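Me: I'm new to this structure and would love a close look at a single part of it. Could you pick one helix, show me what surrounds it, and then lead me outward from there?

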Amino acid sequence: MTASPHSDQVHAGQAMYQPYTLPLYDFVAFKFNCRFLFRVPVPEVVAMFDRNVSPDHLDVGVGTGYFLDNCRTAPQQAITLADLNEHSLRHAARRLERFDVKTVRANALEPLPLPAGAYGSASMNFLLHCVPGTIREKARVLDNVAACVRPGGRIFGATVLTQGVPVGVAARATLALWNRRGVMHNSRDSLDDLRAELAARFPSHTLTVHGCTALFEADVP
């Protein structure tokens, strides 16, 4: 993979996903963090998957595969999982083994090693806040993922912001700590910047806010 000024930060942002942490991830991330810190109802995120997942779906930044495992609109043909972390890829692939699953190790800040326009939908859920740089720099991820979706397909995801959204005291302290440790890189991520980058790429899109979390959905032009 090509080196960049953010290479060390990219790797640091995904280093926490290890075989001994992944079994606990769903509980910590979705039962505690989403509910008490980020104030985003997990059913809202599942519903976003239900609205947008197509029969041939690409998931970038896979975590544990929780949302594809729990959404009702399951892909009918194939799922491609793309992530830099091999442990997350293996964990999610096992969880989703009832589907036709392909895994690809990739850095979302770089063009993905996948065919252009091959998918009907793509998700990047809770990914952007782990990617280093400003929202403008992170927007390369939007370009790289959208390039894999055919015109008229859907691209969607969620990210935790720190500016322009209500951030509680506990969330602000926790996010500051995680940014110092390199677990997250969203200390400058604002709602206005995210809205501007989405609008510059996707004439038809929606952006909704729950707590300090933004959910975005867009048609690929």
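Reply: Happy to! Let's start with the surroundings of helix α3: what covers its buried residues includes α2 (22–37), β1, α4 (66–70), β4, β5 and β7. Keep in mind as you look that this is a predicted model.

Which residues of α3 are buried? They are Val42, Val45, Val46, Met48, Phe49, Asp50 and Asn52. A general point helps in reading such a list: an α-helix has 3.6 residues a turn, so residues three or four places apart point the same way.

Now for how the helix sits. Helix α3, residues 42–52, lies across β1 (56–60), β4 (119–125), β5 (149–160), β6 and β7 (213–219). Its direction makes an angle of about 5 degrees with β7.

Those strands lead us to the sheet. This is an open sheet of 7 strands with mixed pairing, and the order is β3-β2-β1-β4-β5-β7-β6. At the edges stand β3 (101–105) and β6 (205–210); each has a single partner strand, so one side of each is left without a neighbour in the sheet. On average, neighbouring strands here are turned by 15 degrees against each other, ignoring direction.

Let's visit both edges. At the β6 edge, β6 and β7 run antiparallel and are joined by 6 bridges. His205 stands opposite Ala218 in β7. The two strands, β6 and β7, form a hairpin with 2 residues between them. In the turn, look for Gly211, which has a positive phi of about 60 degrees.

At the β3 edge, the pairing is parallel: strand β2 (residues 78–83) and β3 share 5 bridges. To find one of these places, go to Leu81, whose bridge partner in β3 is Thr103.

One last stop, a pair of helices. The axes of α6 (residues 135–146) and α8 (residues 191–201) come within 10 Å and cross at roughly 40 degrees. That angle makes α6 oblique to α8, and the crossing is right-handed. On the α6 side, the residues that meet α8 are Ile135, Arg136, Ala139, Leu142 and Asp143. Their counterparts in α8 are Asp193, Leu194, Glu197, Leu198 and Arg201. Sorted by character, the residues of this contact divide into 5 nonpolar, no polar and 5 charged.

To retrace the walk, return to α3, which lies across β1, β4, β5, β6 and β7, then follow the strands out to the edges at β3 and β6.

Note on methods. Residues are numbered from 1 along each chain as its sequence is written. This is a predicted model: local features need pLDDT of at least 70, side-chain atom pairs count only at pLDDT 80 or more; totals for chains, interfaces and linings use all residues. Side-chain values use heavy atoms; hydrogens and water are left out. Axes are lines fitted to C-alpha atoms, for helices over the stretch in contact, and angles run from 0 to 180 degrees between N-to-C directions. Helices (H or I, at least four residues) and strands (E, at least two) are DSSP runs, numbered from the N terminus. Angles under 35 degrees count as roughly parallel, over 145 as roughly antiparallel, 65 to 115 as roughly perpendicular and the rest as oblique. A crossing is left-handed if the near helix is turned anticlockwise from the far one by less than a right angle, and right-handed if clockwise. Contact means heavy atoms within 4.5 Å. Ala, Val, Leu, Ile, Met, Phe, Trp, Tyr, Cys and Pro count as nonpolar, Asp, Glu, Lys and Arg as charged, and the others, Gly among them, as polar. Two strands pair if DSSP finds at least two bridges between them. Buried means under 20% relative accessible area, exposed over 50%, partly exposed in between (1.4 Å probe, protein chains only).
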